[in-house]
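I opened this notebook to keep track of what I looked up, one feature at a time. Pull up the structure and follow along with me.

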Amino acid sequence: MGCDGGTIPTRGELVKEKKRDVKLDPKIGLDAKWKTCKLSSAPLKEPVVACELGRLYNKEAVLEFLLNKAEQAPAHLEMMEHVKKMSDIIELKLTRSPDYVDVADSGFSDRGNSAWCCPITSLPMNGFNRFLFSRKTGAVISERALKEVPEACVDLTDPDDAIIMNGTPEEVAELWVRMDARKQAAKAAKKAAKKAAKSMPPPTSRAAGDRRTDTPPVTQATSGNAGKVGRPAKAMTINVPGMEALKKIRDIPNVKGDPRASKVLKSLFTSSGSGSDGKVYTSRGGAKW
């Protein structure tokens, strides 16, 4: 039955002991929520965005997810079903923590601090302190600052715009209900505005049978027939040469006798190149040579 050949069994091999419960370090779970992207599990790096459920993502990861949605895993599609476009996420305005030490660009601090903090109370954003952000502006502050110094939290004056970051399952469910109600209200308002725009008559519409045109009013005749209405007379133009043009034509010099004129120019006014026939020629203007 075993234990032969000089084998010495231990107590653990002979007596069954109750298994001890393995306790995980809570800081590991907080680091996964507050220091890594919910979608890609990569360390958070600015620009950091958040959805209306309070989850944190790298903006680059969300953009890549929306561009390659057909290649994503079913678990990611289910987790991101409420994010259909970039307008469904909010870019956060984070305040850099002054005492944060980055270890080899890994995104984690060797002193347990967070890369970001509250701009009012300087509390680190590491999961031990609750944080909120504004859905409209993306401003991030701690819940403690909102309770103790509410006048300094001008971006979170409306409770409906305040979104808790990495909240409990009950808080996430409440945020989902608020998000769905907001989207339904926006869709109904858009539909009502579109229906109202269709029901409005066009501004330039006229009654049926109205034959009015945009022609100018008919003017009355001023000469001869007073009181009668007539159509406006059309302007007529006749191309008649002016006196100055006639004078220039009469003052044309004798081209034949001009020593500066070329033979080609003289041939236009004579019957031959030399013009030795003795005849007199007259141009259209009346000049003789």
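**Entry 1: strand β6 and its partners**

I started with a single pair: Phe 131 has Ser 142 as its bridge partner in β7. A note to self before going further: this is a predicted model. I then checked the whole pairing of these two strands, and three bridges join β6 to β7, with the strands running antiparallel.

Next I looked at the hairpin that β6 and β7 make. Five residues sit between the strands, and Gly 138 in this hairpin has a positive phi near 80°.

Then I turned to β8. Strand β6 covers residues 131–134, and three bridges join it to β8, again antiparallel. I wrote down two of the facing residues: Leu 132 has Ile 164 as its bridge partner, and Ser 134 stands opposite Ala 162.

What is the order of the strands in this sheet? I read it as β7-β6-β8, an open sheet of three strands with antiparallel pairing. The edges are β7 (140–142) and β8 (162–164), each of which pairs on one side only. I also noted the twist: on average, neighbouring strands here are turned by 35° against each other, direction ignored. A reminder I like to keep on the page is that strands of a sheet pair through backbone hydrogen bonds, either parallel or antiparallel.

Are the faces of β6 covered or open? Both are covered. Phe 131 and Phe 133 are buried on one side, and Leu 132 and Ser 134 are buried on the other.

**Entry 2: the loop leading into β6**

I stepped back to the loop between β5 (116–117) and β6, where Asn 126 lies. Is Asn 126 buried or exposed? Its relative accessible area is 10%, and the cut-off for buried is under 20%, so Asn 126 counts as buried. I looked for what its side chain meets, and a polar atom there lies 3.1 Å from the backbone nitrogen of Phe 128.

Ser 122 is found in the loop between β5 and β6 too. Ser 122 is exposed, because its relative accessible area of 52% passes the cut-off of over 50%. I marked its backbone as well: phi is positive, about 65°, although Ser 122 is not a glycine.

**Entry 3: other backbone notes**

I kept a general point beside this entry: most residues other than glycine have a negative phi, and most peptide bonds are trans.

Asn 166 went on my list with a positive phi near 50°, and it is not a glycine. I found Asn 166 in the loop between β8 and α6.

Which residues does a cis peptide bond join? They are Glu 46 and Pro 47, with omega at about 5°. Pro 47 has its place in the loop between α2 (26–34) and β1 (48–50).

**Entry 4: the sheet around β1**

From Pro 47 I moved on to the sheet that holds β1. Three strands form this open sheet in the order β2-β1-β3, with antiparallel pairing. Its edge strands are β2 (56–58) and β3 (90–91), and each pairs on one side only. I checked β1 and β2 together: they pair in the antiparallel sense over three bridges. Val 49 stands opposite Tyr 57 in β2.

**Entry 5: the largest pocket and helix α6**

I looked for open space next. Rolling a probe the size of a water molecule over the atoms shows where empty space is left. The largest pocket holds about 440 Å³. Its lining has 17 residues, and the closest to the centre are His 82, Lys 85, Asp 88, Met 179 and Lys 183.

What kinds of residues make up the lining of the largest pocket? I noted ten charged, four nonpolar and three polar. Helix α6 (residues 169–199) gives the most to this lining, with eight residues.

I finished with Arg 178, which is found in helix α6. Arg 178 counts as partly exposed, at 22% relative accessibility. I also jotted down a long-range pair: Arg 178 and Leu 53 are 125 residues apart in sequence, and their C-alpha atoms are 9.6 Å apart in space.

Conventions: Residues are numbered from 1 along each chain as its sequence is written. This is a predicted model: local features need pLDDT of at least 70, side-chain atom pairs count only at pLDDT 80 or more; totals for chains, interfaces and linings use all residues. Side-chain values use heavy atoms; hydrogens and water are left out. Two strands pair if DSSP finds at least two bridges between them. Helices (H or I, at least four residues) and strands (E, at least two) are DSSP runs, numbered from the N terminus. Axes are lines fitted to C-alpha atoms, for helices over the stretch in contact, and angles run from 0 to 180 degrees between N-to-C directions. On a 1 Å grid over the protein atoms alone, a cavity is a set of points where a 1.4 Å probe fits but cannot get out, and a pocket is an open set with protein on both sides within 12 Å along at least five of seven lines; lining residues have an atom within 4 Å of a point. Grid points are joined across faces, edges and corners, and a volume is the space filled by probe spheres set on the points. Ala, Val, Leu, Ile, Met, Phe, Trp, Tyr, Cys and Pro count as nonpolar, Asp, Glu, Lys and Arg as charged, and the others, Gly among them, as polar. Buried means under 20% relative accessible area, exposed over 50%, partly exposed in between (1.4 Å probe, protein chains only). A polar contact is a pair of N or O atoms within 3.5 Å; within protein, one must be able to donate a hydrogen and the other to accept it, and residues adjacent in sequence count only if both atoms are side-chain atoms.
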